[in-house]
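Open the model in your viewer and keep the sequence panel beside it. The stops below say what to select and what to look for there.

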Amino acid sequence: MRVLGVDPGLTRCGLGVVDGGLGRTVTCVAVDVVRTPAEDDVAARLLRISGAVEEWLDTYRPDAVAVERVFSQHNVRTVMGTAQAGGVVALGAARRGLPVVFHTPSEVKASVTGSGRADKAQVTGMVTRLLNLAEKPSPADAADALALAICHLWREPMRARLAEAEARAAELARTHRKRLAEAARRKGGSGTAGTRGVRR
C-alpha cells in the first residue's frame with residue numbers, strides 16, 4: 001500500500017510518500033515541502049499548494065491520503081490557513097476517488113514513537129530510523145508528512161478490522177432483535193387464536 005502523508009500549512013506544506021511492505025516494513029518514496037510566500041494572497045497560496053498536491057497525486061499514485069487533523073490553537077490565522085490547506089488536499093484526493101483520513105498529532109506521535117507526547121525531534125529521529133534514511137528530513141514539516149504516512153499504514157489495517165467487527169456485531173444485533181420481534185408476534189397471535197376457541 002502506498003500513502004501520501006500531508007502536513008498541511010500555508011507557509012510550508014509537507015508532502016511525503018511511503019510504501020508499506022510486509023509486517024511493519026516502510027520505505028520512503030519521496031518527500032518535499034511546498035512553500036508559499038507570506039505576502040501573496042490566500043487564494044494564490046492555496047492554488048500553489050493545490051497544484052503541487054495534484055502533481056504528486058498523479059506522479060506517485062498513492063492508494064490513500066493521510067492528513068494531519070487541525071486542532072484549535074492560540075493563533076486563529078494559523079489554524080484557518082492549515083485547515084484551508086488541508087481542505088485543498090482532501091479535494092484533490094476526492095477528485096481521484098482516493099480515501100482521505102485525518103489523523104491527530106497524538107495518534108501520529110504514538111504510532112511512530114510509542115508516545116503521544118513525543119516532541120518534533122523525537123518524531124524526526126524515529127522517522128529517519130524507521131525509513132532508514134541517510135539524513136534527517138528537514139524541515140520538520142517533511143518529517144511530519146512521512147510520519148503521517150507511516151501512521152496511516154500501521155493504523156489503517158487495525159481500524160479496518162475494528163470497523164468490520166463492529167459492523168458484524170451490529171448485524172448480529174439486528175438479526176437477534178428481528179427474531180425476538182417475530183417470536184413475540186407469533187406468541188401473541190397464538191394466544192389470540194386460543195382465546196377465540198373458548199365459549200363463554
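Begin by selecting aspartate 7 and glycine 14: glycine 14, in S2, is the bridge partner of aspartate 7. The coordinates on screen are a predicted model.

**The hairpin and its strands**

Extend the selection to S1 and S2. The two strands run antiparallel and are joined by six bridges. Follow the backbone from S1 into S2 and you pass through a hairpin connection of four residues.

Now add S3. Strand S2, residues 12-20, pairs with S3 in the antiparallel sense, over nine bridges. To check the register, pick cysteine 13 and look across to valine 34 in S3, its bridge partner.

Go back to S1 and look on its other pairing, with S4. Here the strands run parallel, joined by four bridges. Leucine 4 is the residue to click, as it stands opposite valine 65 in S4. Is S1 enclosed or open to the outside? Five of its six residues are buried, so S1 is largely enclosed by the rest of the structure.

**The whole sheet**

Show all the strands as a cartoon. They form an open sheet of five strands with mixed pairing, in the order S3-S2-S1-S4-S5. At the edges are strand S3 (26-35) and strand S5 (100-103), each of which pairs on one side only. Turn the view to look along the sheet: from one strand to the next, the twist averages 20°.

**Helices on the sheet**

Select residues 42-60, which are helix H1. This helix lies across S1, S2, S3 and S4, and runs at about 160° to S3. Then select residues 76-95 for helix H2, which packs on the sheet and touches S1, S4 and S5. The direction of H2 makes about 170° with that of S4.

**Two crossing helices**

Move on to H3 (residues 105-113) and H4 (residues 120-130). Their axes come within 9 Å and cross at roughly 50°, which makes H3 oblique to H4. The crossing is left-handed. Show side chains for Lys109, Val112 and Thr113 of H3, and for Gln122, Val123, Met126, Val127 and Leu130 of H4; these residues make the contact. Sorted by class, the contact has five nonpolar, two polar and one charged residues.

**Backbone exceptions in the loops**

Most residues other than glycine have a negative phi, and most peptide bonds are trans. The remaining stops depart from that pattern.

Select arginine 61, in the loop between H1 and S4. This residue has a positive phi of about 45°, although it is not a glycine. Arginine 61 is exposed, with a relative accessible area of 63%.

Next take asparagine 132, which lies in the loop between H4 and H5. Its phi is also positive, at about 55°, and it is not a glycine. With a relative accessible area of 70%, asparagine 132 is exposed.

Where is proline 139? It sits in the loop between H4 and helix H5 (140-196). Select it together with serine 138: the peptide bond joining them is cis, with omega about 0°.

**Stepping back**

Display the full chain and colour by secondary structure. There are five helices and five strands, and from the N terminus on the elements run β-β-β-α-β-α-β-α-α-α. Of the 200 residues, 36% count as buried. Among contacts with a separation of 6 or more, 62% are between residues 24 or more positions apart.

Note on methods: Residues numbered from 1 in each chain as written. Predicted model: local features only at pLDDT ≥ 70, side-chain atom pairs only at ≥ 80, totals over all residues. Heavy atoms only, no water. Axes fitted to C-alpha atoms, helices over the stretch in contact; angles between N-to-C directions. Parallel < 35°, antiparallel > 145°, perpendicular 65-115°, else oblique. Left-handed = near helix turned anticlockwise from the far one by under 90°. Contact = heavy atoms within 4.5 Å. Nonpolar A, V, L, I, M, F, W, Y, C, P; charged D, E, K, R; others polar. Pairing = 2+ DSSP bridges. Buried < 20%, exposed > 50% of the residue type's maximum accessible area, 1.4 Å probe, protein only.
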